[in-house]
Amino acid sequence: MLNDYQLLRIPGPTPIPPSVQRAMTKPMIGHRDQETKDLLKQIKPKLRKLFGTKEDVAIVAGSGTAGMEAAVVNTVTPGDEVLVLVTGAFGDRFVKICEAYNLHVHRLDYPWGVALRPEEIQEYLLHHPFIKAVFATHCETSTGVLNPIQELAASIKEVTDALFIVDGVSSVGGVEVNMDDWQIDICVTGSQKALMLPPGLVFIAASKNAWNTIEHNQHPRFYLDLRKYRDNQQFDSTPFTPAISLLYGLEQSLQLLDSEGLANVWKRHQLMKQMTRAAFEAHGIPLLTNDTDASPTVTAIQPFNFHPDNVRQLVKKEFGLVLAGGQQQLKGKIFRIGHMGYCTPADILQTISCLELGLAKLGILYNVGIGVNAAQHAYLRGGSP
Ligand SMILES: *Cc1c(COP(=O)(O)O)cnc(C)c1O
């Protein structure tokens, strides 16, 4: 049995709710038939709500990176100046995409584990008036930092007409995102994080302002041409064969988010963050980020007296508990717990409890239970510190 048991607590892919799993096993339907139109029609308003926008959200078959690439090829052309804000591995990926398309890339790097500073970025933009787009990561999954996107949008819009493009892959569906109010021009998210689906879909929302640029942008593109998706979406259709099984799953996962209520979903994620952090603080095991910068969807732990990969290996073998390691410069230095999507406070208690046992078995800690206890108290406080 144990071979078939898994506690998947990485920051994506995330576990799938049983009702979503069932929805995805429905028989295939014709992608040009009424059934698919009905499915897309159901999905449309719920996606708008999720992104906090009145605009339609494009659904593209591909991984999250396809959405990041779409944001680039639809808005800028080679030689254009762009600013990429790098707070970790995913900010770095935006740089690589922009470089691949021969853009003139300005990059602002922040130490991995801290959030970006909107006022510094405003200053930078004042000195570089030709920048056409600013790229940022909302939740930097590699460090567990949630960047202050609302404040950043406000500072950017105060000084420039540049488009503001946000990677919301590990935030949308777990954290509030309000595109229209906050003035985000493009926001991208993927299916395999807080949306509780398998990998394979990416969602791209664009503001009126962004559509204006997309419409006239000369950069060549075909599969990722957002105009095709928008034009078809008016008729509840897609330009190419959609990933129909994933759409069935999406309809159900959006239904689950809707019935819980988005505000409650965000609260649940906030609570899971506080519980997780409280457990490690109780043990004196350092966290990579401070309370203010920490994301409600993923927590990075940076131990000083044990190798994170040893405990990851042990809890996987003993309990089927799967945790993520560090990426790039944080490889071997941290481990990460994903708590987004199909995850509840009950899962956090289980994760912490298994981790404590793993650390005890490795001879690293003796007080098993004080982490669980701290998480329980954080729960009883309703997530307030
Ligand atoms: C997971 C993730 C992505 C997308 O990665 P893919 O492997 O292409 O799906 C992009 N940005 C962030 C912040 C992510 O967490």
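Across the interface of domain 1 and domain 2, ten residue pairs are found in polar contact, both residues of each pair being at pLDDT 80 or more. The structure is a predicted model. No salt bridges are found across the interface of domain 1 and domain 2: the count is zero.

The two parts that meet here are defined by the domain assignment of the protein chain. Domain 1 consists of two segments, 7-14 and 261-380, and domain 2 covers 18-259. In the contact, 27 residues belong to domain 1 and 32 residues to domain 2. A distance of 27 Å separates the C-alpha centres of the two domains.

About 2,400 Å² is buried between domain 1 and domain 2, and carbon and sulfur atoms account for 61% of this area. On the side of domain 1, the residues that lose the most area to domain 2 are Leu 262, Trp 266 and Asp 293. Together these three residues make up 23% of what the domain 1 side buries.

The secondary structure and composition of the domain 1 side were also examined. At least two residues of the side of domain 1 that touches domain 2 come from helix H11 (262-283), and at least two from strand S11 (298-301). Helix H11 provides the largest share of this side, with four residues. Sorted by class, the side of domain 1 that touches domain 2 holds 14 nonpolar residues, eleven polar residues and two charged residues.

Terms used:
Residues numbered from 1 in each chain as written. Predicted model: local features only at pLDDT ≥ 70, side-chain atom pairs only at ≥ 80, totals over all residues. Heavy atoms only, no water. Domains from an automatic or database assignment. Contact = heavy atoms within 4.5 Å. Buried area = accessible area lost by both parts, 1.4 Å probe. Salt bridge = Lys/Arg side-chain N within 4 Å of Asp/Glu carboxyl O. Polar contact = N/O pair within 3.5 Å; in protein donor to acceptor, adjacent residues only side chain to side chain. Nonpolar A, V, L, I, M, F, W, Y, C, P; charged D, E, K, R; others polar.
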